[in-house]
Amino acid sequence: MWRFGWNRKRVLGGTGIGELLVPAGYGTDPAVRAVCEAVLGGELAPGLTLLADTRDDPHARVHAAEALGRAAVQRIGDVAELAEDGADQADVLLWVGHTLLADAQRRPGSSRADRKGLAAALQEVRIPLETSAELRPDDAAPWTALQTVAMGLGANRDEKDRLWREITDRAPALFPAHMTRVRTLSPTRGGTTEEMFASAGASADVAPEGDPLPAVLALAHAEHLRGEEKRLVAEGKNPEIAHLGLGRLHGEPVQELFDLARSWAENAVPHVYDTQAHHLFGWAFHRAGMPDPARWHLGSVGRHSCDLPWSFFGAPRAETARAMAELGVDPTAHDTVGGDPRRDP
């Protein structure tokens with residue numbers, strides 16, 4: 001699956017691209033980013049309005065809840081108090097759950113004490129999310145966040161499958177849930193390579209026409225590569241040598257990804273997770289040594305940087321900037337992104 005001999009150090013220096021990139025943690029939709037800016041400034045009412053407006057659109061609701069959670073990490077108590085002011089209980093609890101989750105994900109996890117603290121924090125996240133799910137039974141958003149919690153806690157397969165059924169019963173093609181499903185089935189989390197790729201392939205099969213969902217297959221390749229690098233390092237290989245030794249994606253896997261990406265591009269319908277899909281395909285084609293499709297996909301993200309899949313192989317913004325520099329991508333060519341690029345979620 002992976003060819004030898006890719007030299008990751010052939011990069012263009014001094015581009016400053018990384019300084020131009022804006023993390024997508026506060027959303028990629030301008031309206032969502034504007035609301036997050038308001039929340040960061042202490043104005044919470046627009047967040048409630050946004051959640052109310054997205055109740056009938058699972059993708060928009062998950063996208064908004066994730067972004068609002070990150071924006072409110074310093075205001076968890078203020079968000080919780082909204083319920084006492086007559087706000088919709090399910091919306092408030094969904095927001096509280098995502099805020100607690102965003103806070104937990106910022107915790108270090110290197111030491112045993114860190115991992116115990118993270119596990120305790122993730123257990124706390126479950127309470128508001130489960131209550132939100134009870135209050136609004138048709139809402140897939142709390143179940144999607146609970147799926148992320150379960151992955152962080154290393155839940156058993158029965159629990160992972162249960163949560164997956166809850167999500168797909170409500171929103172069968174929910175992009176972020178399919179991404180998490182692929183990751184939970186990776187060998188590093190108790191699954192197998194075969195299961196992971198089968199899940200990613202099934203995601204591509206059920207994708208509506210013009211939907212970015214097939215990009216999760218690129219995520220499966222990134223998870224596979226990361227797992228192989230970890231295995232080689234555990235066996236005593238130098239991390240850089242392990243990375244170089246695995247080389248490029250090539251052959252049938254690349255052709256399959258190319259066909260899926262082309263079909264999506266030809267029939268694309270605007271989608272709130274388009275940027276994430278472009279990053280996934282852009283990473284895959286860059287890794288495969290296919291500059292033209294990689295350049296097109298990474299040229300389509302503007303200044304938005306996404307953690308996945310770049311964070312598997314280093315600091316995500318730096319890895320994205322390195323790829324853009326190699327490809328000659330100018331992230332400001334079609335700049336529609338507001339906000340301060342130095343402000344991280």
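Visitor: Why is Ala 198 called partly exposed?

Guide: This is a predicted model, and Ala 198 has a computed relative accessible area of 48%. Buried means under 20%, and exposed means over 50%. The value for Ala 198 is 48%, so Ala 198 counts as partly exposed.

Visitor: Where does Ala 198 sit, and what separates Ala 198 from Val 182?

Guide: Ala 198 lies in helix α11, residues 193–206. Ala 198 and Val 182 are 16 residues apart along the chain, and 8.9 Å separates their C-alpha atoms.

Visitor: What makes Arg 165 partly exposed?

Guide: Its relative accessibility is 48%. Partly exposed covers the range between the cut-offs of 20% and 50%, so Arg 165 belongs there. Arg 165 is part of helix α9, residues 157–170. From Arg 165 to Trp 143 the C-alpha distance is 9.6 Å, with their positions 22 residues apart in sequence.

Visitor: How do you know that α2 and α4 are roughly parallel?

Guide: Helix α2 (residues 30–40) packs on helix α4 (residues 58–71) at about 25°. Angles under 35 degrees count as roughly parallel. The pair is therefore given that label. The axes of α2 and α4 are 9 Å apart, and the crossing is right-handed.

Visitor: Which residues of α2 and α4 make that contact?

Guide: α2 contributes Val 32, Val 35, Cys 36, Val 39 and Leu 40. α4 contributes His 63, Ala 64, Ala 67, Leu 68 and Ala 71.

Visitor: What else does Val 39 touch?

Guide: Leaving out residues up to four places away in sequence, Val 39 touches Leu 44, Leu 68, Ala 71, Ala 72, Arg 75 and Trp 95. Val 39 is also among the residues with the most contacts inside the largest nonpolar core. That core has 91 residues. Leu 68, Leu 82, Trp 95, Phe 175 and Phe 281 share this listing with Val 39.

Visitor: Why would such side chains gather?

Guide: In soluble globular proteins, nonpolar side chains tend to be buried together.

Visitor: How do you know that the span of α15 agrees with the expected value?

Guide: Helix α15, residues 274–287, has 14 residues. At 1.5 Å a residue, α15 should span 20 Å. The end C-alpha atoms of α15 are 20 Å apart, so the two values agree.

Visitor: What makes α15 mostly covered?

Guide: Of its 14 residues, 14 are buried. Just after α15 comes Gly 289, with a positive phi of about 75°.

Visitor: Why are α15 and α16 called roughly antiparallel?

Guide: α15 and helix α16 (residues 291–298) pack at about 155°. Over 145 degrees counts as roughly antiparallel, so the label follows. Their axes are 8 Å apart. The crossing is left-handed. On the α15 side, the contact includes His 278, Phe 281 and Phe 285. On the α16 side, the contact includes Pro 293, Trp 296 and Leu 298.

Visitor: What kind of peptide bond joins Leu 308 to Pro 309?

Guide: The bond is cis, with omega near 5°. Pro 309 lies in the loop between β4 (304–305) and α17 (316–327). Most peptide bonds are trans.

Visitor: What does the protein come to overall?

Guide: The secondary structure amounts to 17 helices and four strands. Of 345 residues, 51% count as buried. Among contacts between residues at least 6 apart in sequence, 73% join residues at least 24 apart.

Technical notes:
Residues numbered from 1 in each chain as written. Predicted model: local features only at pLDDT ≥ 70, side-chain atom pairs only at ≥ 80, totals over all residues. Heavy atoms only, no water. Core = buried A, V, L, I, M, F, W, Y, C linked by side-chain atoms within 4.5 Å. Buried < 20%, exposed > 50% of the residue type's maximum accessible area, 1.4 Å probe, protein only. Contact = heavy atoms within 4.5 Å. Helix = DSSP H or I, 4+ residues; strand = E, 2+ residues; numbered from the N terminus. Expected span 1.5 Å × (residues − 1). Axes fitted to C-alpha atoms, helices over the stretch in contact; angles between N-to-C directions. Parallel < 35°, antiparallel > 145°, perpendicular 65-115°, else oblique. Left-handed = near helix turned anticlockwise from the far one by under 90°.
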